[in-house]
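Biologist: Could you take me through one proline loop up close, and then show me what else is worth a look around it? I'm new to this, so plain words please.

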There are 6 protein chains.
Amino acid sequence: MQREGRDFGRNEPVLASFYHASILNHDSFAAALSFHIAAKLGCDSVPAMLIRDVFHEAFASDGAILQAAAADICAHYDRDPACDHYGMPFLYFKGFQAIQAYRIAHWLWQQGRESMALFMQNRIASVFDVDIHPAATIGCGVMVDHATGVVIGETAVVGNNVSMLHSVTLGGCGRSPGRRHPTIGDGVLISAGAKVLGKIDVGEGAKIAAGSVVLIDVAPHTTVAGVPARQVGVPSVSQPALDMDQNIGN
Amino acid sequence: MQREGRDFGRNEPVLASFYHASILNHDSFAAALSFHIAAKLGCDSVPAMLIRDVFHEAFASDGAILQAAAADICAHYDRDPACDHYGMPFLYFKGFQAIQAYRIAHWLWQQGRESMALFMQNRIASVFDVDIHPAATIGCGVMVDHATGVVIGETAVVGNNVSMLHSVTLGGCGRSPGRRHPTIGDGVLISAGAKVLGKIDVGEGAKIAAGSVVLIDVAPHTTVAGVPARQVGVPSVSQPALDMDQNIGN
Amino acid sequence: MQREGRDFGRNEPVLASFYHASILNHDSFAAALSFHIAAKLGCDSVPAMLIRDVFHEAFASDGAILQAAAADICAHYDRDPACDHYGMPFLYFKGFQAIQAYRIAHWLWQQGRESMALFMQNRIASVFDVDIHPAATIGCGVMVDHATGVVIGETAVVGNNVSMLHSVTLGGCGRSPGRRHPTIGDGVLISAGAKVLGKIDVGEGAKIAAGSVVLIDVAPHTTVAGVPARQVGVPSVSQPALDMDQNIGN
Amino acid sequence: MQREGRDFGRNEPVLASFYHASILNHDSFAAALSFHIAAKLGCDSVPAMLIRDVFHEAFASDGAILQAAAADICAHYDRDPACDHYGMPFLYFKGFQAIQAYRIAHWLWQQGRESMALFMQNRIASVFDVDIHPAATIGCGVMVDHATGVVIGETAVVGNNVSMLHSVTLGGCGRSPGRRHPTIGDGVLISAGAKVLGKIDVGEGAKIAAGSVVLIDVAPHTTVAGVPARQVGVPSVSQPALDMDQNIGN
Amino acid sequence: MQREGRDFGRNEPVLASFYHASILNHDSFAAALSFHIAAKLGCDSVPAMLIRDVFHEAFASDGAILQAAAADICAHYDRDPACDHYGMPFLYFKGFQAIQAYRIAHWLWQQGRESMALFMQNRIASVFDVDIHPAATIGCGVMVDHATGVVIGETAVVGNNVSMLHSVTLGGCGRSPGRRHPTIGDGVLISAGAKVLGKIDVGEGAKIAAGSVVLIDVAPHTTVAGVPARQVGVPSVSQPALDMDQNIGN
Amino acid sequence: MQREGRDFGRNEPVLASFYHASILNHDSFAAALSFHIAAKLGCDSVPAMLIRDVFHEAFASDGAILQAAAADICAHYDRDPACDHYGMPFLYFKGFQAIQAYRIAHWLWQQGRESMALFMQNRIASVFDVDIHPAATIGCGVMVDHATGVVIGETAVVGNNVSMLHSVTLGGCGRSPGRRHPTIGDGVLISAGAKVLGKIDVGEGAKIAAGSVVLIDVAPHTTVAGVPARQVGVPSVSQPALDMDQNIGN
C-alpha cells in the first residue's frame, strides 16, 4: 500500500500530501488507519486527535480489530473488479471506512462505554451514511459496497466473508427487547437494497437478490428473491459473497 | 434529559462539554434544541448563530413547533427498543433532527420566506440525507427511524403518530401542479424502503411492508405488500406505527 | 439566473451574499458553476480553490461539459413541478450538483488522471451521497431527482434526456472485467429505488417502475415493474423521462 | 449603523450578507454586538453560539456594558479621522472588538467565574493580539487604536475617555500580590508603544509620548516623554485623548 | 521557485501538497500568489475563492502589482541572510504576504470600492498582525521583516527599496483631515519598533534606529536615534535598507 | 495539573471537555502537551494529528524537551503573580505555548529537516505572534510573558532562567552570515519592548529596562536603560529574571 501511495503521489501531486498523510507517513498500518478514519470522524464536539486516541486504545486492547481490517481490504480487492489497488478501499470506500469505525464503536460498547459508542454511531451515520448499532456483531472479510443507506440493527449478527451492497437493511421487527434482528451466515451475498427483517437466520452461502424483502429463514446455499422473498434457485458457487453475481439465476 | 446528560458526562468526560453545550447549559428545551440543530445546519454561507435566530423566531411565533418536538422525542422513546434515554433522539438520531429542522423550514414557507425555506431544505438534505419539501405537512408524534434516503414531496400530508423507516419515499407522479403526493393517515407504519407514489390516500392504522411500491389507495387498518403493493392482511393492532412490527403477517 | 438571484437576495438578505457569491458575482456560467460546486467539494486534503482550477481546466479543454450542464438545468426546470426557477437545481439540488462534479471526474479519467478522478468520486459520494464511477458515460439533459443513494457503475452508459430518482442503481454483476453494467437508452425514466443490474440494455423511451429489479433487457417504449421486473405495459408518451409519471399504468 | 450597512451592502454585494449578519439582521445593538464578537471568539473548544449566550447573560445582568460599548464607538468616530462611519469600529477595528470582549470577561471575573474569564482572555489575546487581564478595570469612551500588542495587567485601572495606541503596555513591577499596575486618569492619551509600569498614577489629561517608558507618577495635564519618561511640556488641550495629537510639543 | 518547491517536497513529504498547492500547481506566478494569499485571507464571511477572484481582477487591471511582488521577493532574498530561497518570503514571511494583500486593498480603494478595501485591511490586520490603511502608498522592492505590529496610516507614503522591521509605526498626529502621516524616501531603513509620527519627511537613504520616535523631518543619508530621535551620524552606505545594519554607528 | 483540571471543569461545565481534552484525558504530560499545542498549530495544509506525531517523534528522540517544558511551567508559576495554577501557562499563555512549539522546530532543524522547521516557525508566528528562528538556542526555565511581538533571530542564544516580556527583540545587524544576534546569559530579565541587536553579550543576571535599545555588551549583574541603552545601576538581586521587577532603580 505504501508503494502504491508513492506511485499515486508522483502522478498527481495535488494529492501527494493526502497520500503521504494517509499512508506513507505512518510506520504501521494501525497508525495509518487511525489517522485516516479519525480525520473523517472528527468534529467540533470531539476533535480527530481524541478519536484517534480511542482507536489506539482499541487496537492495543484487541489485536483482532486490525486483523479484521486487513481481511476487509483483501475482500474489496478480491471481489470488486473496480478495485485494482489495495489502497482504494482504505482511501476511498465509505463502506470499508464505516466498518472499521464500527469496530471501534463495538469495542467501546463491549467496554461498557455506551455513550461514547453511541456518539461514534452517530458520527458514522453522518459521515458515511451507514447506520450500524455498536452492539451488532460483524465478522471479518466483510465488504459493504457503495454503502449509502445500509442499516444494521442492535442484535444483528453477520458472519465472515459476507458481501452486502448499498441500501441493505438488517432490521428489527417489533419492540420487544432481546434478539429481534437477523443472523447472516458466512459467505452470504446480500444484493443492493435488500431488506432482511426480524429474528431470522440466513444460512451460509445463501444469496439474497436485489430489492428483496426477507421475512423468514433462508436455507444455506439457496437463492431467494422477491417481495416477500421466496427461494428461486441455488447459487452456482458455495460462497456467493466472493463472486458478487447479483443475478438471480446463478 | 438534563439528569441523563449529567450522568453521561460523568461517565464519558470526552463528551462532557458536548452534553453540556447540547443539553445542560440551556434553561429551556427551546434553547437546547435550537443550539443543537443549528450547530449541525450551520455552514460557511449561513453560520449556525443566524440559523439559531431563525429557530427562535419560529418558536416564538408558533408554540406548536416545540410541542411537536417533545411528542417526537416520546415517539422514539416509546417505539424504539434501542432508545432507552429521552436524550438519544435529541442528540443522535438523524431522523428526529431532520424533522425538527423541517418544522422550521415549513414555518418559513408559511411566512412566505420561500428562498430561506429552500436553503434549509438543501441543508437538511445535505446534513441528514433526508429530503422533505418545506411545503409538505407533517403531524406530531412522528418517528423517522435511521432516516437516510427518506424523501417527502411538496404536497404530501403525514398524520399524527406515524412511523416510517429509512429509504421511504412519499413521491409524486407527473408534472401537473397541484396535489400529486400521498396523504398518510394517523398511526400508519411505513416500513423500510417502501415507496408511496402519487395522489393517493393511505388510511389510518394501515401498514405498508418493507420494499413495497404503493400506487393506489390503501384502506384503513389493512396491510399491503409487494411491487406493486396489494393487500395481504390486517395489522394486529389499531396503530401499527406504535408497534414497529415490520412483519407482513401481523 | 442572475435576475432570479437579485430577487432572492432582496427578499432574504441573510442569503444575499450566498446568492451573490454563487451566481451574481460571476461574469460567466462557468465561473459560477466552478465556484459553487468546488465550494462543496473542497476539504482539508484538497482545498476548494484547487478543485476549482481543475474545473476550469476541464471547461477549457472540453466545451461540451458546460453545454451539458445547461441542458441538465433545463431538464430540472421542465420536468420538476417543484422547480420554478432556473437557479434552483444550480443552488440546491444534490443530483444536479453531483452530475456536474461527475462530468469533471469523467474528464479527469479520460485524461488518464485516475487517482484524481477517484478522489473526486469519493468526494461526490461523501458530499452528495451519489456514487458514480468516473469511467461511466452519461449523456446530457439528465435529471437525477433527490439523488440520495444513487449508484452508477464503471461500465454503465446513460443516454440523453434520461430521468432517474433517488436510490436508483445501475449496478454490475460478477467480477469479470469488461462491460458488466447496463446501457440506458434516451428518454428512459427510472423510478425511485429501481435496481438495473448487469450487462443489459434498456431501450429508448422505456419506463422502469419504482422498486423494480431489472435483470434482463428491456425493449424500447415498454414499461417494466416488479422484483424481478417484467413488462407490464407501454408508456403513454415516447419519452417518459420528460413526463415523470412514476405510475405503472401509463 | 443599520442605514450604513444597507448602503455598504448595495455597493459591495460580496459583503452584503456580512453586513446583514453583523448589523442589519438584528433588532437591537445587543444582538448585533454579541453576534459579531462571538463569531470571532468562537473556536473548536467553545463554539460561537455558547459564547454569544454568555454575552447575553452579561448584557442582561449589567446594562452598563452596552452603554460603554456605544460610548466606545463614538470615541472612535470622534477621534479617528480615518473612521467616517459608526459601523467601522464595530465591524473592523480590533481594538474596539477586544475591549467589548474584555468587558464580558471582566463581568465573568466579577461573578467569580474565573476559569471562563481566563479562557476569554486567552481568546482575546489570540484573536485580537490584545492581552487584558479580566480583573483590570476600564472606563467607557475608550479608544484602543490599531491595538496589536496592547497589554493591560491585573490591577490596572483605566479612566473614562482614554485613548491609547498599539503596543501600549500598562504593566506590573515585581511579584508581590496586590496593586502593582498603573492607574490612568480620565482623558489621558498614551501614544504608540509607550510602556507604563508599576504602581503609579497618571493624572487626568496627561499625555504620554510614543515609545516612552513611564516608571513614576505623571502629574495631571502634563506631557511626558523619553526612556525613562520625564516631563517635557503641557498638552494644549485639557483632554489630549480627544485630540489624538502624538506630538510632544503640544 | 518551482524547482525549490520540488526539492522541498521530496525532502519533507508531509509538506509536498502544501508546496504543490502553493507553488508547483500553477502555471504562473499570478496564479500561485493569488492562491496562497487568498487561502490565508479567506474566512467564513468571504471565502478564499472570492478573494482570489479579486486578486485576479486587480492583476488584470494593473500589471505593476505583480512586478512589485517580484521585486519584494528579491528584496527579502538579497537583504535577509536567513532567507536563502526565493520561495521563503512567498511561503512563510508574514511581512511579504501582508504587503501583497495590501496592494490588492490599495487597488480596491483606488477603484472606489472602499468597503471591500476596509474589509481586506481588517483581514490583513487579523491574519498578519499588520495594519496598513488601503489609502497609503507603498513602493516596490519593500521588505517588512518579521512584521508583527507594523502600522502604516492613511496618508503615509513609502518609497522604493525601503526596509522596515516589526513594530514600526508610520502614524498620524491629530484629527485634521488631509495629510497627517510621514513620507519615507527611497532606500530608507527603519529599525525595529521605531515610530515615525506626523506630516514629516524622511529623506532618501536615511536610517532610523530601533526604538526611536521620530517627530521631525530627517535629512537624506543621515542616521537618527532616540526618543525623540536626533541625528547621531550618517549611514555608511547610500541605501541602508539594502544593508540591514541596525547599528547606530554605521 | 490534573486535579486543577477537574476542579475547573466542575465549576465551569462549558469548559469541562476543553479541560478534559487538554489535560485530564492523557496519561502523561507528553500526551497532553502534544495534544494541546498541536491543536493550535494544525491548519488545512498540515492537520493537527500530523503535527502531534512530530511532537511525539521529538519527545522520543530527546528527553530534554519535556524536562524543559516542565521547567518553563514552573518559571511562570513562580514568577508571575497572576499565575496561581500550574495549568494556566499550559492552557492559556501564548508565550509558554510558543516556546514549546519552538523546541520542536529546533529539534527538526537539528535533524536537518529544515523545511518542516520553517513551516513550524511560520505557524508559531501566525498563531502566537512570536517569531523564533528554529536555529536559535534557548535554555530552560524560560518565561516569555504576554509574548505578542517577540522576535528571536537565527544565531541568538538564550540561557537558562531568563524572563522576557512582549515585544522583546533579539535581532541581527547586517547581512553577513555567521553569528549576528545576541547571547543572553542566565537569569537575565529583558523588560517589555526592549530591542537587543547584533553580535553582543548580555552577561548573566543583567537587567534590561523596558523600551531600551541595546547595541553593545552588557556586563553581568548590571542594569541598562535608554535608547541607546547605558548602564544605570545594578539589580538588587542576582537573578532579576526571577524577580520580574521592571523598575530601573532596583
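Modeller: Let's start with Pro228(A), which you'll find in the loop between strand 14 (223–225) and strand 15 (230–233) of chain A. Keep in mind that this is a predicted model. Now look at the bond leading into that proline: the peptide bond from Val227(A) to Pro228(A) is cis, with omega near -5°. Hop over to chain B and find Val227(B) and Pro228(B), which are also joined by a cis peptide bond, with omega about -5°. Pro228(B) has its place in the loop between strand 14 (223–225) and strand 15 (230–233) of chain B.

While we're on backbone angles, two other loop residues deserve a visit. His146(C) isn't a glycine, yet its phi is positive, at about 70°. To find His146(C), go to the loop between strand 3 (143–145) and strand 4 (151–152) of chain C. Is His146(C) buried or exposed? Somewhere in the middle: its relative accessible area is 24%, which makes His146(C) partly exposed. The other one is Asn161(E), again not a glycine, with a positive phi of about 55°. Asn161(E) belongs to the loop between strand 5 (157–158) and strand 6 (163–165) of chain E. With a relative accessibility of 28%, Asn161(E) counts as partly exposed too.

Back to chain A, where you can zoom out a bit. Its domain assignment gives domain 1 (1–128) and domain 2 (136–250). Measure from centre to centre over C-alpha atoms, and domain 1 and domain 2 of chain A are 25 Å apart. How do they touch? On the domain 1 side of chain A, 14 residues are in contact with 18 residues of domain 2 of chain A. The area buried between these two domains of chain A is about 1,300 Å², and carbon and sulfur atoms give 54% of that. In domain 1 of chain A, the residues that lose the most area to domain 2 are Arg79(A), Ile99(A) and Tyr102(A), together 44% of what that side buries.

There are zero salt bridges between domain 1 and domain 2 of chain A, but you'll find 11 residue pairs in polar contact there. Two helices of chain A, helix 5 (64–79) and helix 7 (94–110), each bring at least two residues to the side of domain 1 that touches domain 2. Helix 7 of chain A has the largest share, seven residues. By type, that side of domain 1 of chain A splits into six nonpolar, three polar and five charged residues.

Finally, chain A also meets chain C. Here 33 residues of chain A are in contact with 32 residues of chain C. The buried area between chain A and chain C is about 2,700 Å², with carbon and sulfur atoms giving 60%. Between chain A and chain C the count is zero salt bridges and four residue pairs in polar contact. Several helices of chain A each give at least two residues to the side touching chain C, including helix 2 (16–24) and helix 6 (87–92). Helix 6 of chain A supplies the largest share, three residues. The residues of chain A on that side come out as 16 nonpolar, nine polar and eight charged.

Methods: Residues are numbered from 1 along each chain as its sequence is written. Chains are lettered from A and ligands numbered from 1 in the order in which they are written. This is a predicted model: local features need pLDDT of at least 70, side-chain atom pairs count only at pLDDT 80 or more; totals for chains, interfaces and linings use all residues. Side-chain values use heavy atoms; hydrogens and water are left out. Domain bounds come from an automatic or database domain assignment. Contact means heavy atoms within 4.5 Å. Buried area is the accessible area (1.4 Å probe) that two parts lose on being put together, summed over both. A salt bridge is a side-chain nitrogen of Lys or Arg within 4 Å of a carboxyl oxygen of Asp or Glu. A polar contact is a pair of N or O atoms within 3.5 Å; within protein, one must be able to donate a hydrogen and the other to accept it, and residues adjacent in sequence count only if both atoms are side-chain atoms. Helices (H or I, at least four residues) and strands (E, at least two) are DSSP runs, numbered from the N terminus. Ala, Val, Leu, Ile, Met, Phe, Trp, Tyr, Cys and Pro count as nonpolar, Asp, Glu, Lys and Arg as charged, and the others, Gly among them, as polar. Buried means under 20% relative accessible area, exposed over 50%, partly exposed in between (1.4 Å probe, protein chains only).
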